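Visitor: I would like to go through this model and hear the reason behind each label. Please show it first.

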Amino acid sequence: MALLITDKCTNCDMCLPECPNDAIYVGADIYEIDPNLCTECIGHYDTPTCQKVCPITKCIILDPAHQETNEELWEKFVLIHHF
Ligand code: SF4
Ligand code: SF4
């Protein structure tokens, strides 16, 4: 499942440089996550690092519109990083 940045985002820029997949970008109003690049940090970290560094509680959540199994996330990781 990709993650989703909600409108609680204050555009603080803490998350963007931390994403190992460059999935986070500056959107029209708030920061956004490209669901095609977000792997929940699988292959890099045990937990989603953007959630870890975000200072706002429950600002970054699981995106119910992009449900994926662990297997699918691993496949995405391999595709992104060309292993
Ligand atoms: S969960 Fe990981 S891969 Fe997904 S946007 Fe956050 S930092 Fe990037
Ligand atoms: S760390 Fe949280 S508040 Fe800061 S830009 Fe990222 S999503 Fe927004």
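Visitor: What makes F77 count as buried?

Guide: The relative accessible area of F77 is 9%. Buried means under 20%. F77 is therefore buried. Bear in mind that this is a predicted model.

Visitor: Why is W74 called partly exposed?

Guide: W74 has a relative accessible area of 42%. The cut-offs are under 20% for buried and over 50% for exposed. W74 lies in between, so the label is partly exposed.

Visitor: How do you know what kind of aromatic pair W74 and F77 form?

Guide: The count comes to one aromatic pair. The ring centres of W74 and F77 are 5.4 Å apart, and pairing requires centres within 6.5 Å. Their planes stand at 85°, and over 60 counts as edge-to-face. So the pair is edge-to-face.

Visitor: Where do W74 and F77 sit relative to each other along the chain?

Guide: Both are in helix α2, three residues apart. That separates them by about one helical turn. An α-helix has 3.6 residues a turn, so residues three or four places apart point the same way.

Visitor: How do you know that the span of α2 agrees with what is expected of a helix?

Guide: Helix α2 has 12 residues, 70–81. At 1.5 Å a residue, α2 should span 16 Å. The end C-alpha atoms of α2 are 16 Å apart, which agrees.

Visitor: Which residues of α2 are buried, and what puts them on the same side?

Guide: L73, K76, F77 and I80 are buried. They cover an arc of only 105° around the axis, which puts them on the same side of α2. On the other side of α2, E71 and L79 are exposed.

Visitor: What follows α2?

Guide: H82 does, and its phi is positive, near 55°.

Visitor: What about the whole protein: how does its radius of gyration fit a compact globule?

Guide: For 83 residues, a compact globule would have a radius near 12 Å. The protein has 12 Å, which agrees. Its C-alpha atoms fill a box of roughly 35 × 25 × 25 Å along the principal axes. Of the 83 residues, 36% count as buried.

Visitor: Which elements make up the protein, and in what order do they run?

Guide: There are two helices and four strands. From the N terminus on, they run β-β-β-α-β-α.

Visitor: Which residues come nearest to ligand 2, and how does its shell divide?

Guide: Of the 14 residues around ligand 2, C9, C12, D13, C15 and C54 come nearest. The shell divides into 11 nonpolar residues, two polar and one charged.

Terms used
Residues are numbered from 1 along each chain as its sequence is written. Chains are lettered from A and ligands numbered from 1 in the order in which they are written. This is a predicted model: local features need pLDDT of at least 70, side-chain atom pairs count only at pLDDT 80 or more; totals for chains, interfaces and linings use all residues. Side-chain values use heavy atoms; hydrogens and water are left out. The expected span of a helix is 1.5 Å times one less than its number of residues. Buried means under 20% relative accessible area, exposed over 50%, partly exposed in between (1.4 Å probe, protein chains only). The arc is that of the directions from the helix axis to the C-beta atoms. A residue is near a molecule or strand if one of its heavy atoms lies within 4 Å of it. Ala, Val, Leu, Ile, Met, Phe, Trp, Tyr, Cys and Pro count as nonpolar, Asp, Glu, Lys and Arg as charged, and the others, Gly among them, as polar. Rings of Phe, Tyr and Trp (its six-membered ring) pair if their centres lie within 6.5 Å; planes under 30 degrees apart count as stacked, over 60 as edge-to-face and the rest as tilted. The radius of gyration is taken over C-alpha atoms; the globule rule is 2.2 Å times the number of residues to the power 0.38.
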